[in-house]
Amino acid sequence: MSPEEVLKKYKNVAVVGISEKPDRYSNIVAKYLMDNGYNIIPVNPSIEEWNGIKSYKDLNSVDKPVDIVDIFRKPEYVTDIVKQAIGKAKVIWMQEGIINEEARDIAEKNGMYVVMDKCMKKELEKLKQK
């Protein structure tokens, strides 16, 4: 599988670390994905909702199907997020600047495809230009 195939195949995206602040990149990326047909599942314990959509405190509390876990958290938090995604998600997507080899290994050992250090928005923009 490739990042391009992930973007074509899967539409339910849990955005971990999403911000309600419009200038934050997690908000910009999530809004762009939503505007392009993706279902956004906000995950942030500090907010009740994002753009009118209920926010969840963590992946364990998400009660909807999750295809992709798009992570906007510091690398040291990624391993715990991946552990919560086991049996729930098909893809772990670590945004630009987020690299965690241990988390990748855990995800891959549990059958998840991993994208690391790439932006979903930028990858989708490239795909749309094709």
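**Exercise 1. Is Asn27 buried or exposed?** Work out its burial class, then list what its side chain reaches in this predicted model.

*Solution.*
Step 1: find the residue. Asn27 sits in helix α2, which covers residues 25–35.
Step 2: check the accessibility. The relative value for Asn27 is 7%, and the cut-off for buried is under 20%, so Asn27 counts as buried.
Step 3: look for polar partners. The Asn27 side chain gets to the backbone oxygen of Ser19 at 3.0 Å. It also reaches the backbone oxygen of Glu20, this time at 3.3 Å.
Step 4: add the remaining neighbours. Leaving aside residues up to four places away in sequence, Asn27 touches Ser19, Glu20, Lys21, Pro22 and Trp50.

**Exercise 2.** Stay in helix α2 and explain how Asp35 and Lys31 are placed relative to each other.

*Solution.*
Step 1: recall the principle. Side chains of opposite charge can pair when their charged atoms come close.
Step 2: check the distance. Asp35 and Lys31 form a salt bridge, at 3.3 Å from N to O.
Step 3: use the spacing. The two residues are four apart in helix α2, so about one helical turn separates Asp35 from Lys31.
Step 4: compare with the solvent. Asp35 is exposed at 52% relative accessible area, while Lys31 is partly exposed at 35%.

**Exercise 3.** Which parts of the chain does the Lys90 and Asp67 pair link?

*Solution.*
Step 1: confirm the pair. The side chains of Lys90 and Asp67 make a salt bridge, 3.3 Å from N to O.
Step 2: place both ends. Lys90 lies in the loop between α3 (75–85) and β6 (91–94), and Asp67 in the loop between β4 (53–54) and β5 (68–71). They are 23 residues apart, and the pair links distant parts of the chain.
Step 3: classify each end. Lys90 is partly exposed at 39% relative accessibility, whereas Asp67 is buried at 10%.

**Exercise 4.** How many salt bridges does a search of the whole structure find? Describe one between sequence neighbours, then name a network.

*Solution.*
Step 1: take the total. The search of the whole structure turns up ten salt bridges.
Step 2: pick out Asp105 and Arg104. Their closest N and O atoms are 4.0 Å apart, and the two form a salt bridge.
Step 3: check exposure. Asp105 is partly exposed at 34% relative accessibility, and Arg104 is also partly exposed, at 26%.
Step 4: follow shared partners. Glu4, Lys8 and Lys130 are joined into one network by salt bridges that share partners.

Conventions: Residues are numbered from 1 along each chain as its sequence is written. This is a predicted model: local features need pLDDT of at least 70, side-chain atom pairs count only at pLDDT 80 or more; totals for chains, interfaces and linings use all residues. Side-chain values use heavy atoms; hydrogens and water are left out. Buried means under 20% relative accessible area, exposed over 50%, partly exposed in between (1.4 Å probe, protein chains only). A polar contact is a pair of N or O atoms within 3.5 Å; within protein, one must be able to donate a hydrogen and the other to accept it, and residues adjacent in sequence count only if both atoms are side-chain atoms. Contact means heavy atoms within 4.5 Å.
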